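Work through the exercises below with the model open beside you. Try each task before reading its solution.

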Amino acid sequence: MQHKFVLDENKLKEFYYEPYEFNGHRLYRRVLILKKSGLLGEIASYKLLDFIVPDLGVDQLLPFIKPVSNVMIQRFLLPGRGKMIKKSFWLGLKGWTYIGFLEGKEKLFNDMRREFNEALKMEEHQ
């Protein structure tokens, strides 16, 4: 008996994730916009991209991660175990990417782990 990850898309939408096609694979993407304000109003804004990646491995994903215009941080959460991978683009001037794992320990991914687990359905295949 083999287990396959199946995610409840309606549950993911409650967390603002939308289905996203990536190199023939289905991922779930959420765009967050952070704004910095000062006395005279908004100083800057930048985007964060979160991806839940149910069926790709690190080796398949890494070659396709590139800097994205106006995006400061990209986070990718993959099933399984592993140590977080951190990658900068142009010494951080063009952003950062973090790849974490569902069974990892880094606090940076705790919110995404909780959302993944709430949306998770297990399907059994024989």
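## Exercise 1: Elements and their order

Task: count the helices and strands of the protein chain, then give their order.

Solution. Start with the count. The secondary structure of this predicted model comprises 3 helices and 8 strands. Next, walk from the N terminus. The elements follow one another as β-α-β-β-β-α-β-β-β-α-β.

## Exercise 2: The sheet

Task: find the strand order of the open sheet, its edge strands and the turn between neighbours.

Solution. Lay out the order. The open sheet has 6 strands, arranged β2-β3-β4-β5-β7-β6. Its pairing is mixed. Now look at the ends. β2 (18–22) and β6 (85–88) are the edge strands, each paired on one side only. Last, take the angle. With direction ignored, neighbouring strands of this sheet are turned by 25 degrees against each other on average.

## Exercise 3: The hairpin

Task: describe how β2 pairs with β3, and inspect the turn that links them.

Solution. Begin with the sense. β2 and β3 (residues 25–38) pair antiparallel, over 5 bridges. Pick one bridge to check. Tyr-20 has Leu-27 in β3 as its bridge partner. Then go to the turn. The hairpin of β2 and β3 leaves 2 residues between the strands. Asn-23 sits in this turn, and its phi is positive, about 55 degrees.

## Exercise 4: A helix on the sheet

Task: which strands does helix α3 touch, and what angle does its direction make with that of β5?

Solution. Locate α3 at residues 110–119. The helix packs on the sheet. Its contacts are with β3, β4 (41–52), β5 (71–78) and β7 (96–101). The directions of α3 and β5 make an angle of about 45 degrees.

## Exercise 5: Whole-chain numbers

Task: collect the extent, burial, contact, surface and charge values of the protein chain.

Solution. Extent: the C-alpha trace spans about 60 × 30 × 30 Å along its principal axes. Burial: 34% of the 126 residues are buried. Contacts: of those with a separation of 6 or more, 48% join residues 24 or more positions apart. Surface: the accessible area is about 8400 Å², with 53% belonging to carbon and sulfur atoms. Charge: there are 21 positive and 16 negative side chains. The centres of these two sets lie 8 Å apart.

Note on methods: Residues are numbered from 1 along each chain as its sequence is written. This is a predicted model: local features need pLDDT of at least 70, side-chain atom pairs count only at pLDDT 80 or more; totals for chains, interfaces and linings use all residues. Side-chain values use heavy atoms; hydrogens and water are left out. Two strands pair if DSSP finds at least two bridges between them. Helices (H or I, at least four residues) and strands (E, at least two) are DSSP runs, numbered from the N terminus. Axes are lines fitted to C-alpha atoms, for helices over the stretch in contact, and angles run from 0 to 180 degrees between N-to-C directions. Contact means heavy atoms within 4.5 Å. Buried means under 20% relative accessible area, exposed over 50%, partly exposed in between (1.4 Å probe, protein chains only). Accessible areas come from the Shrake-Rupley method with a 1.4 Å probe; for residues, only the protein chains shown count as cover. Lys and Arg count as positive and Asp and Glu as negative; His and the chain ends are not counted. The place of a charge is taken as NZ of Lys, CZ of Arg, CG of Asp or CD of Glu.
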